[in-house]
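Colleague: I'd love a close look at one small part of this protein, with some words on what surrounds it. Could you walk me through it at an easy pace?

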Amino acid sequence: LRTGTRAPMRVLWLALDMYGERVASRCARAFRELPRGAVSVVHRLARSRLALLRPEMRGDLVRRVRDDGYGLLIVDTLRWAHTADELDQREMHNVVAACDELVSAGAAVLLSAHTPKNKGASEEEPSLAWIRGASALGNAIHTAFVVEDIDPARRRSRVTCVKANDTRDWPPPFGFTVESGWYRHDDREEA
């Protein structure tokens with residue numbers, strides 16, 4: 001969470017899905033180790049979607065990002081941040097345009113999205129096809145990673161870069177396990 005200066009980057013995390021409250025409470029221990037004010041968590045109930053497509057709600061969020069100096073906005077999960085049809089190209093293009101407005105306010109935007117139930121069944125290796133919804137989203141983002149369960153019993157996952165516009169070399173896949181609410185990095189050979 002460093003920005004190249006000594007000041008920490010402020011992060012605004014919108015914990016929107018029905019598990020947001022639970023995930024946030026698990027992360028609270030890690031957040032306590034960060035400088036005060038570095039992370040702000042905004043909780044929403046699962047049924048009250050933050051409408052990125054509603055100008056007044058988006059405007060409030062843009063002002064908060066700009067005025068409070070947030071450098072990173074985490075939207076967890078994208079599905080609960082709008083009321084658009086995920087499979088409609090035009091509607092998802094509008095969601096991407098709303099995210100671009102937040103980037104213009106000064107924050108990098110990290111979107112958390114689920115995989116479709118078939119996880120890109122036609123492809124064995126992780127790809128942009130593993131991101132649920134219209135391809136407009138995958139086409140518009142600069143960087144995408146897929147997190148997949150590789151051993152649910154041991155809570156092991158693998159992270160694979162599937163798109164990286166702004167780098168020559170994509171980072172190699174790596175693995176992690178979740179132990180008592182903490183992430184433990186595994187060597188890439190193990191992933």
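Leaving aside its neighbours within four places in sequence, which residues is L53 in contact with?

Modeller: Happy to! A word on the model: it is predicted, so local features need pLDDT of at least 70 and side-chain atom pairs count only at pLDDT 80 or more, while totals for chains, interfaces and linings use all residues. Residues are numbered from 1 along each chain as its sequence is written, and side-chain values use heavy atoms, with hydrogens and water left out.

Now to L53. Beyond its neighbours within four places in sequence, L53 is in contact with R58, A84, N94 and V95; contact means heavy atoms within 4.5 Å. L53 lies in the loop between β2 (39-43) and α2. Helices here are DSSP runs of H or I with at least four residues, strands are runs of E with at least two, and both are numbered from the N terminus. With a relative accessible area of 30%, L53 is partly exposed (buried means under 20%, exposed over 50%, partly exposed in between, using a 1.4 Å probe and protein chains only). Its C-alpha atom is 7.6 Å from that of T83, although 30 residues separate the two along the chain.

R58 leads us on to the helices, since R58 in α2, along with L61, V62 and V65, meets A98, E101 and L102 in α3. The residues of this contact divide into five nonpolar, no polar and two charged (Ala, Val, Leu, Ile, Met, Phe, Trp, Tyr, Cys and Pro count as nonpolar, Asp, Glu, Lys and Arg as charged, and the others, Gly among them, as polar). Helix α2 (residues 55-68) and helix α3 (residues 89-104) pack at an angle of about 25°, with their axes 9 Å apart. That makes α2 roughly parallel to α3; angles under 35 degrees count as roughly parallel, over 145 as roughly antiparallel, 65 to 115 as roughly perpendicular and the rest as oblique. Axes are lines fitted to C-alpha atoms, for helices over the stretch in contact, and angles run from 0 to 180 degrees between N-to-C directions.

From α3, L102 touches L52, L61, V62, V65, L73, A107 and V109, not counting residues up to four places away in sequence. The largest nonpolar core has 30 residues, and L102 is one of those with the most contacts inside it, as are L52, L61 and V65. Such a core is a set of buried Ala, Val, Leu, Ile, Met, Phe, Trp, Tyr and Cys residues joined through side-chain atoms within 4.5 Å. Helix α3 gives the most to this core, with six residues.
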